[in-house]
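Trainee: I would like a close look at a single part of this protein, taken strand by strand. Please start there and then place it among the other parts.

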Amino acid sequence: MFKHLRKYNRSVVVTWLLSYVSVLLVPILISFVLYSVTFEQVKAESNRANALLLQQMEMTIDNRFKGLKRLSLEIALNKNISRFSSVELPLQNEHYYDLFQISESLRTYKNASDYIEDIYVMYSNSDTVISTFDHTTREGLFQKLRQKDTASFKEWSEPFEQKYINSYTPMQFKDGSRSVPVVVFAHSLVFNTPGQPPATVLFMMKDSKLMESVPQQKKEGSLFILDDRNRLIAASPNAGSLPANLTYDQLQGEQGVIYKSSDKGEAAVSFITSPVTGWKYISVLPAAVFNEKMENMRRLTWISISVCFLLGGLIAFLFLRKNYTPVRSMLQSLSQHSGTRYDGGGNEYSFMEHAIRHFFAEKEDMVAAFHKHRSTIRTHFIRRLLKGYSEKNVPIQESLSAHDMYFPSDSFAVMLISVDHYGKFEPSGRTGGDWEHEQQMIHFILTNVMQDAASDIAVVYTAEANDVLACIANFNVENDGEQKSRFLSEMSHQVIGFMREHIQSEVTIGGGSVHHGIEGIARSYAEALDALEYKVVLGGGQYIAYGDTLASRSLSHRYYYPLAVEQQLIYAVKSGNYHKAERLLEDIFEQNFSVHPVSVPIAKCLIYNLGSTLLNTLEEVSTGSKPLWEDHFAEVEQMMDCEHVFRMKDLMKRKLREVCEWIQSEKRSHHRYLIEDIKRYLEQHLYDSNLNISMIGEAFRMTPSYLSRLYKEHAGETLLDTINRSRLSEAKRLLAQQSLTVSEIAGRVGYADVSTFMRIFKKFEGMTPGMYTKSLAILETGRQKATI
């Protein structure tokens with residue numbers, strides 16, 4: 001049996017079976033993942049529900065205790081209660097009336113809150129405890145209200161003898177013969193009068209009333225309140241006991257869930273901590289109830305996985321049987337025709353692949369042997385046709401047939417494709433062998449694209465010739481010459497668009513005119529060469545027809561670049577005026593390549609002339625300057641090597657911008673130093689009454705108008721404003737000393753006329769010098785009064 005299994009373990013049946021099982025495992029694994037995520041969400045939801053219940057419980061009880069603190073403040077502000085704290089033993093007759101009024105006030109406070117059972121005010125000075133209906137001594141209160149029966153009066157009194165008390169304590173209140181659990185909030189009363197004897201207010205609340213407004217827990221659950229001394233403050237009605245050994249310290253953190261053993265089995269204990277009292281609000285639920293949703297989900301998940309296994313296994317078996325039937329038929333057919341019998345011991349696909357590969361290998365060997373040298377010979381034949389050579393002793397039709405070529409008509413046109421940018425096949429950083437391979441690859445793509453674009457209108461044959469791809473198009477549709485030329489243009493634009501979009505490659509296509517006869521191929525080839533050379537003028541990445549370069553254009557034999565324009569261009573660059581230099585350059589290119597197009601040789605002369613102008617200008621502006629301009633000369637040389645004039649124009653504009661920005665920067669640096677020199681000159685001659693713009697202009701050998709404009713551009717204010725502000729600053733300092741007259745101060749700061757001084761002072765300060773002196777005196781008087 002095991003031998004039989006080992007024989008068929010490589011069969012496609014086993015592979016399919018494993019695939020089906022793997023596919024079947026995917027939803028099962030997804031089910032496990034969803035189960036894990038959902039289980040955690042359900043668990044978190046259960047925890048969140050309990051936490052929300054406890055938060056509501058905490059909020060309700062804490063708000064009551066906050067209300068008690070506010071109520072204790074109102075009690076401390078009560079005049080009768082505050083005044084009685086000074087009473088000492090023995091009590092007089094008038095004091096009993098005060099006791100009655102205090103009880104009345106306490107009843108009013110008690111009636112305002114339905115959860116307060118009673119209110120006690122304990123006065124240590126007179127050993128008096130006043131409640132809502134009577135009064136007694138502290139020992140009398142001890143008989144009615146204590147923590148445990150075994151406590152002594154001294155132990156009971158110790159907490160109330162502290163200087164300040166603010167605590168919650170569970171106690172037992174003896175109401176006749178029965179004892180009722182209560183919670184007592186003791187808070188020291190702080191009175192307004194310093195040194196007044198202290199008093200303590202005690203609010204007594206029954207457990208049942210404390211838990212009345214708490215949200216209801218499930219019937220299986222219980223709610224408890226535990227303080228930081230492990231004392232049970234309160235519990236919900238019909239609540240059992242806390243789980244065994246559950247202490248305050250075991251409930252770590254602000255909130256959480258733990259599992260503990262109780263008298264009813266395993267229990268889930270949820271808790272939250274009050275920020276007001278520090279109590280732990282506890283919810284105890286049987287673990288089975290707490291985990292009920294999670295257990296239901298676990299059972300549902302296992303049931304769904306089991307059903308998935310059963311149904312998936314049945315479907316996998318049926319599909320496996322159905323899919324193997326055609327494979328068995330194919331194996332039988334291949335075994336009969338290939339001469340090799342399939343024994344069932346291997347993989348069926350491997351056997352079929354081996355048989356098919358053997359067939360195709362034989363076919364490829366035959367085709368390779370047939371076409372091994374055909375492409376090379378045909379390429380050589382096409383090159384001879386382009387150059388006008390032909391076999392004189394062999395008819396042209398026989399030569400075409402021998403090279404597997406066919407010309408349906410005698411209308412021919414030649415197109416030359418030059419690859420400007422190889423795009424995805426850019427050979428940067430590759431060796432010579434790689435470069436040749438990439439060039440052959442892109443020429444192969446171009447050949448196929450050209451043949452597809454020609455479709456049923458023309459037959460296209462290609463061959464490499466001097467780093468360009470030459471295409472001979474023979475039209476098989478009888479149309480006039482204009483329609484054929486339009487078809488060549490459309491086909492070329494289609495090829496250019498395809499290469500640009502899919503290969504990210506840029507190609508330029510030069511097209512010759514349509515000629516008739518085999519000898520017309522050579523004439524069209526010469527025209528295509530001329531058209532392709534015109535890429536220098538029109539730019540690359542487009543179709544250039546020979547008719548567009550000669551027939552349809554009247555080319556000029558001289559170019560537009562007069563000496564005056566050259567001088568203007570040089571002056572604009574040397575002055576740093578980039579915008580003017582750009583306009584001049586645009587006008588030169590427009591005149592020579594748009595308005596009056598020039599021929600390719602004339603265009604090259606213009607390019608060399610522009611390059612010479614730029615080199616001379618750069619040499620002049622760089623003389624004596626700190627930066628080195630060798631890099632700029634190299635960039636000018638790069639411009640001269642551009643494939644077309646538009647690329648050269650872009651590079652030249654970029655270089656002009658750099659040079660102009662550098663010149664402007666140099667000018668700004670020179671002006672900054674000049675402004676600093678002017679400011680130093682002002683400091684030295686500020687108080688000279690003869691100081692004016694003309695005097696400063698003579699000192700710096702500049703006209704007053706140019707000096708004023710330059711100073712305002714860099715300083716942000718006029719030169720006269722700077723002089724006046726500096727003089728007035730000194731004048732205000734002298735006015736504050738009050739030792740000189742206004743006329744004397746005007747002369748000292750550089751004003752020969754006191755009226756001029758007063759007018760300028762009022763213009764800048766908004767007041768006259770006299771008003772300014774008075775305002776200083778008023779400020780000084782106010783400051784002295786404030787000091788006193």
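Mentor: Strand E13, residues 411–421, pairs with strand E17, residues 515–516, in the antiparallel sense over two bridges. Within that pairing, Ser411 has His516 of E17 as its bridge partner. Keep in mind throughout that this is a predicted model.

E13 has further pairings. Strand E15, residues 468–475, runs antiparallel to E13 and is joined to it by six bridges. One position to look at here is Met415, whose bridge partner in E15 is Cys471. Strand E16, residues 506–511, is likewise antiparallel to E13, with six bridges between them. In this pairing Val419 is matched with Val507 of E16. As to cover, nine of the eleven residues of E13 are buried, and the strand is mostly covered. In a regular strand, side chains alternate between the two faces of the sheet.

The loop that leads to E16 deserves a stop. Gln504 sits in the loop between helix H14, residues 481–503, and E16. The phi of Gln504 is near 55°, a positive value in a residue other than glycine. Most residues other than glycine have a negative phi. Gln504 has a relative accessible area of 40% and is therefore partly exposed.

Helix H15 covers residues 520–533. At 1.5 Å a residue, its 14 residues should span 20 Å, and because the end C-alpha atoms are 20 Å apart, the expected and modelled values agree. The buried residues of H15 are Gly520, Ile521, Ala522, Ser524, Tyr525, Glu527, Ala528, Ala531 and Leu532. An α-helix has 3.6 residues a turn, so residues three or four places apart point the same way.

Now for the rest of the chain, beginning with another sheet. This one is open and has seven strands in the order E3-E2-E1-E7-E6-E5-E4, with antiparallel pairing. Strand E3 (135–136) and strand E4 (145–146) stand at its edges, and each has a single partner strand, so one side of each is left without a neighbour in the sheet. E4 pairs with strand E5, residues 166–175, in the antiparallel sense over two bridges. In that pairing the bridge partner of Leu145 is Phe173 of E5.

Helix H4 lies across strand E1 (118–123), strand E2 (128–130) and E3, and runs at about 140° to E1. H4 takes in residues 93–111, with Arg107 among them. Is Arg107 buried or exposed? Its relative accessibility is 18%, so Arg107 counts as buried, the cut-off being under 20%. Apart from neighbours within four places in sequence, Arg107 is in contact with Thr132 and Phe133.

Asp127 belongs to the loop between E1 and E2. Asp127 has a positive phi of about 50° although it is not a glycine. With a relative accessible area of 29%, Asp127 is partly exposed.

A further loop, between strand E11 (265–273) and strand E12 (280–286), holds Ser274. At 3% relative accessibility, Ser274 counts as buried. Leaving aside neighbours within four places in sequence, the contacts of Ser274 are Glu58, Asp62, Trp279 and Tyr281.

One helix pair completes the tour. Helix H23 (residues 693–700) packs against helix H24 (residues 704–715) at an angle of about 95°, with the axes 9 Å apart. That angle makes H23 roughly perpendicular to H24. On the H23 side the residues that meet H24 are Ile693, Ser694, Ile696 and Gly697, and on the H24 side they are Pro704, Leu707 and Ser708. By class, this contact between H23 and H24 has four nonpolar, three polar and no charged residues.

For the chain as a whole, there are 28 helices and 18 strands. Of its 788 residues, 41% count as buried. Among contacts between residues at least 6 apart in sequence, 61% join residues at least 24 apart.

Technical notes:
Residues numbered from 1 in each chain as written. Predicted model: local features only at pLDDT ≥ 70, side-chain atom pairs only at ≥ 80, totals over all residues. Heavy atoms only, no water. Helix = DSSP H or I, 4+ residues; strand = E, 2+ residues; numbered from the N terminus. Expected span 1.5 Å × (residues − 1). Buried < 20%, exposed > 50% of the residue type's maximum accessible area, 1.4 Å probe, protein only. Axes fitted to C-alpha atoms, helices over the stretch in contact; angles between N-to-C directions. Parallel < 35°, antiparallel > 145°, perpendicular 65-115°, else oblique. Contact = heavy atoms within 4.5 Å. Nonpolar A, V, L, I, M, F, W, Y, C, P; charged D, E, K, R; others polar. Pairing = 2+ DSSP bridges.
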